[in-house]
Structure formats: structure tokens, C-alpha cells
Amino acid sequence: MKNPNVDELILSADKWPAEMAYLRGILLGCLLEETYKWASPVYMFGGKNLVGIASLKEHCALNFFKGGLLQDEEKLLIKPGDHTQFGRWMKFKSVEEIQAKEATIKAYVFEAIEAEKFADMLNNHKH
């Protein structure tokens with residue numbers, strides 16, 4: 001379900017509105033829950049933050065909160081800083097670039113969902 005704050009953000013965006021809207025469509029198509037946190041669209045699975053959309057100066061990006069747990073066979077994920085443990089970014093500069101990688105983006109999202117399910121399973125066995 002669409003969050004009205006995300007509608008407003010995309011409509012008022014100076015940079016990357018078409019890219020953000022396209023990424024949003026992909027993520028909603030993956031049946032993730034759309035929320036608005038930290039002034040950005042965040043997509044959740046099972047109550048956990050899975051992926052966010054960021055509009056940055058040089059590019060639009062998907063932020064995989066636990067991207068470090070993904071296989072990243074296409075080598076598309078970037079570690080945003082030396083001290084980042086799990087977060088990874090996937091950067092885009094055009095809707096065409098997103099369209100060309102759409103199947104891969106979906107595969108990464110579904111892998112992130114599986115990683116989240118696995119992490120939950122591990123946590124539940126600790127108790």
C-alpha cells in the first residue's frame with residue numbers, strides 16, 4: 001500500500017523523481033510494506049527495514065539495510081563507508097538503467113527477504 005508521505009516526496013523531488021517512482025513500483029510489486037522514515041521511503045518485510053530509496057546529489061540509490069548478507073553475484077552493491085557493517089547501496093542515474101537491471105533488483109530484494117527470514121529464524125532459536 002502506498003504511503004502518502006512518499007507520494008508527496010516524489011512529487012516534490014528536485015532530483016530523481018522518475019527514478020524514485022520507478023524503484024517504488026518495483027518494491028511495491030515485491031509486496032513490501034511502504035513506510036516513510038528518516039525523510040525517505042523505506043520498504044519493510046515482517047516489520048523489519050529491508051530496503052530504502054535515497055535521492056542523492058550524484059545518483060538515486062537503493063539502500064539494502066542488510067546488503068552485506070547478500071551474494072551480490074552481479075557486483076552491484078557498494079559499501080557506503082569503511083565502518084558500515086551490513087548496509088549496501090545500489091546506485092542509478094536513469095530510469096533506463098533501472099529498467100535494464102529490474103530483474104536483478106527484484107532478485108536482490110527477494111534474496112534480502114530470505115536473509116531476513118533466516119535472521120528471524122536464528123533469533124527465534126536463541127530464546
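Let's start with one residue and its neighbours: leaving aside residues up to four places away in sequence, E34 touches M1, K2, N3, V6, R24, L28, V42 and Y43. Keep in mind that this is a predicted model. E34 sits in strand 1, and with a relative accessibility of 5% it counts as buried, because the cut-off for that is under 20%. From the C-alpha atom of E34 to that of G52 is 9.3 Å, and 18 residues along the chain separate the two.

## The strands

Strand 1 covers residues 33-37 and strand 2 covers residues 40-45; the two run antiparallel and are joined by five bridges. Looking across from Y36, you'll find P41 of strand 2 standing opposite. What do strand 1 and strand 2 form, with two residues between them? They make a hairpin, and W38 in its turn has a positive phi of about 55°.

Further along, strand 3 and strand 4 also pair in the antiparallel sense, over five bridges. A54 has A61 of strand 4 as its bridge partner. Here too there is a hairpin, with four residues joining strand 3 to strand 4.

Strand 4 also pairs with strand 5, antiparallel and over five bridges. In that pairing, L62 has M90 of strand 5 as its bridge partner.

Why is strand 4 described as largely enclosed by the rest of the structure? Five of its five residues are buried, so the strand is largely enclosed. Its residues point two ways: C60, L62 and F64 go one way, A61 and N63 go the other, and all are buried.

## An aromatic pair

The structure holds two aromatic pairs. One of them brings together W38 and F65, with 6.1 Å from centre to centre and 50° between the planes, which makes it tilted. W38 belongs to the loop between strand 1 and strand 2, and F65 to the loop between strand 4 and strand 5, so this pair ties together parts that are 27 residues apart in sequence. As for how open the two are, W38 is exposed, with a relative accessible area of 61%, while F65 is partly exposed at 23%.

## Three residues with a positive phi

Most residues other than glycine have a negative phi. W38, from the hairpin turn, has already come up with its positive value. W16 is another residue with a positive phi although it is not a glycine, at about 60°. Where is W16 found? Look in the loop between helix 1 and helix 2. D72 has a positive phi too, near 55°, and it is a residue other than glycine. Its place is the loop between strand 4 and strand 5.

Here is how accessible some of the residues in this report are.

| Residue | Relative accessible area | Class |
|---|---|---|
| W38 | 61% | exposed |
| F65 | 23% | partly exposed |
| W16 | 15% | buried |
| D72 | 11% | buried |
| L11 | 75% | exposed |

## Out on helix 1

L11, listed in the table, lies in helix 1, which spans residues 4-12. Is L11 buried or exposed? It is exposed: its relative accessible area is 75%, and the cut-off for that class is over 50%. The C-alpha atoms of L11 and P80 are separated by 27 Å, with these positions 69 residues apart along the chain.

## The cavity

How many cavities of 30 Å³ or more does a search of the whole structure find? The search finds one. The largest cavity holds about 50 Å³ of space. It is lined by N49, L50, F65, K66, G67, A112, A115 and E116. Strand 3 (48-55) and helix 4 (102-126) are the elements that give two or more residues to this lining. Helix 4 supplies the largest share, three residues. By type, the lining divides into four nonpolar, two polar and two charged residues.

F65 turns up twice in this picture: it is one of the residues lining the largest cavity, and it forms the tilted aromatic pair with W38.

Methods:
Residues numbered from 1 in each chain as written. Predicted model: local features only at pLDDT ≥ 70, side-chain atom pairs only at ≥ 80, totals over all residues. Heavy atoms only, no water. 1 Å grid on protein atoms, 1.4 Å probe; cavity = no way out; pocket = protein on both sides within 12 Å on 5 of 7 lines; lining within 4 Å. Points joined across faces, edges and corners; volume = space filled by probe spheres on them. Nonpolar A, V, L, I, M, F, W, Y, C, P; charged D, E, K, R; others polar. Pairing = 2+ DSSP bridges. Buried < 20%, exposed > 50% of the residue type's maximum accessible area, 1.4 Å probe, protein only. Phe/Tyr/Trp six-rings, centres within 6.5 Å; stacked < 30°, edge-to-face > 60°. Contact = heavy atoms within 4.5 Å.
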